[in-house]
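Hi,

Here is the structure I said I would pass on. Have a look at it first, and then read on for my notes.

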Amino acid sequence: MNFEIYMRRCIELAQLGAGNVSPNPMVGAVIVCDGKIIGEGYHQQYGHPHAEVNAIHSVLNTFGGNAEALLKKSTIFVSLEPCAHHGKTPPCADLIVRYNIPNVVIGSHDPFDQVNGLGVKKLKDAGIHVTESVLKEECDFLNRRFFTRVKQQRPYIILKWAQTADGYFAPEDNSQKWISSKSAKMLTHKWRSEEDAILVGKQTALIDNPQLNVREWIGRNPKRIVIDRNLDLPETLHLFDKSQETIVFNSKVTSTENNLKFLELEDFDHYLPQLIAYQLYLMDVQSLIIEGGRKTLELFIKAGLWDEARIFTSQQFWHKGISAPQIQGKLMEQSHVDTDTLRIFANQ
């Protein structure tokens, strides 16, 4: 049996849950019997059944009275260690034991304290053969947001901006001028649907009056976050239309008005990115896109507080303007989006 083929299918299934399962991880499961896939499942929505449950139920629904006999001679592949604790749903490890599935193949270990190694232990104690770390690197990358939140107690942070071919980021006069293509804009809205929150600074809110939603894509709108130290932004901005949850980090007040939350930070002059990241962690925000101006982006870059940078470079030459931020990172991917070049960097 080629374990990697089935684990890659687990990863494909898991990705279908993007944008819907946070703060849980994305997980896919495949059940194989006699060299054939007889059941599949993935974690579809936070609070709903996990991947293993959906995969087992798919076998039960498809094969009826023969299902349990098939499960007793099957292998279940799971991209993440089955849970061993009662959370929103019962432990998946218990379900695997209950149906006497003799072999389990796992991609990543779950670093969450109530699972970490305990799912594997529960399976092995029941006499189940467990194979671990199949396509571990790919499975870890799939859940980089979840792992960052659990291990570092902060969201996974993605920087995003567009720049011209000669390295300019915005006009000098603070006017609004579009750089990237329509296709790049659509992709950006897809990315927004996959992350928990999106952050901008005060100047971006004033100059661009952004909606920060996914109107160019079908999916969930992220939480909107703006940094406005002295609460100077006018209430007429799109950010304050209460159409989606919005958080305003400021130095004056903490209050909540429907979907609008004002959150006071005690110190704006020291460790501001760290304070924002920790507050978002406490609010179960697992991932964050920063689409702010240069000042906001550099605030997080200088703090070393970013995980990915997604940079569109257009074919335009401006010859003058505000220079784009500079980062040091590992180039993970380069592709073309319409007339733009997209480069994705990882922070090392």
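Below is what turned up, going from the whole chain to single residues.

Please keep in mind that this is a predicted model.

**The whole chain**

The protein chain has 348 residues, and 52% of them count as buried. Its secondary structure comes to eleven helices and 17 strands. If you lay the C-alpha trace along its principal axes, it spans about 70 × 45 × 35 Å. The radius of gyration is 23 Å, which agrees with the value near 20 Å for a compact globule of 348 residues. There is also a lot of contact across the sequence: among contacts with a separation of 6 or more, 69% are between residues 24 or more positions apart.

**The largest pocket**

Rolling a probe the size of a water molecule over the atoms shows where empty space is left. The largest pocket has a volume of about 1300 Å³. It is lined by 45 residues, and T204, D208, E291, G292 and G293 are the closest to its centre. Which elements give two or more residues to that lining? They are strand 6 (156-163), strand 7 (168-170), helix 8 (182-194), strand 8 (197-201), helix 9 (202-208) and helix 11 (294-302). Sorted by class, the lining has 18 nonpolar, 15 polar and twelve charged residues.

**Salt bridges**

The structure holds 21 salt bridges, and here are a few to click on.

Start with E194 and K190, whose side chains meet in a salt bridge at 2.6 Å, N to O. The two are four residues apart in helix 8, so about one helical turn separates them. Both ends are partly exposed: E194 has a relative accessible area of 21%, and K190 has 27%.

Next is the pair R220 and D196, with the closest N and O atoms 3.1 Å apart. R220 sits in the loop between helix 9 and strand 9 (223-227), while D196 sits in the loop between helix 8 and strand 8, so this salt bridge ties together parts that are 24 residues apart in sequence. Are the two partners buried or partly exposed? R220 is partly exposed, at 30% relative accessible area, whereas D196 is buried, at 6%.

A third one joins D232 to K202, and there the closest N and O atoms are 3.2 Å apart. This pair also links distant parts of the chain, as D232 is in the loop between strand 9 and strand 10 (246-250) and K202 is in helix 9, 30 residues apart. D232 is partly exposed, with a relative accessible area of 46%, and K202 is partly exposed too, at 29%.

Finally, R9, E12 and E40 are linked in a network of salt bridges.

**Backbone points to check**

Most residues other than glycine have a negative phi, and most peptide bonds are trans. A few spots here go the other way.

One is the peptide bond that joins S22 and P23, which is cis, with omega about 10°. P23 is in the loop between helix 1 (3-15) and strand 1 (28-33).

Another is L231, which is not a glycine but has a positive phi, near 55°. L231 lies in the loop between strand 9 and strand 10, and with a relative accessible area of 30% it is partly exposed.

D284 is also a residue other than glycine with a positive phi, in this case near 65°. You will find D284 in the loop between helix 10 (272-282) and strand 13 (287-290). At 36% relative accessibility, D284 counts as partly exposed.

**One residue up close**

If you want a single residue to zoom in on, try T341, which is in strand 17 (residues 340-346). Is T341 buried or exposed? Its relative accessible area is 14%, so T341 is buried, the cut-off being under 20%. And what does T341 touch, not counting residues up to four places away in sequence? The answer is I311, F312, T313, Q334, S335 and H336.

That's the tour, so over to you.

Cheers

Conventions: Residues are numbered from 1 along each chain as its sequence is written. This is a predicted model: local features need pLDDT of at least 70, side-chain atom pairs count only at pLDDT 80 or more; totals for chains, interfaces and linings use all residues. Side-chain values use heavy atoms; hydrogens and water are left out. On a 1 Å grid over the protein atoms alone, a cavity is a set of points where a 1.4 Å probe fits but cannot get out, and a pocket is an open set with protein on both sides within 12 Å along at least five of seven lines; lining residues have an atom within 4 Å of a point. Grid points are joined across faces, edges and corners, and a volume is the space filled by probe spheres set on the points. Ala, Val, Leu, Ile, Met, Phe, Trp, Tyr, Cys and Pro count as nonpolar, Asp, Glu, Lys and Arg as charged, and the others, Gly among them, as polar. Buried means under 20% relative accessible area, exposed over 50%, partly exposed in between (1.4 Å probe, protein chains only). Contact means heavy atoms within 4.5 Å. A salt bridge is a side-chain nitrogen of Lys or Arg within 4 Å of a carboxyl oxygen of Asp or Glu. The radius of gyration is taken over C-alpha atoms; the globule rule is 2.2 Å times the number of residues to the power 0.38.
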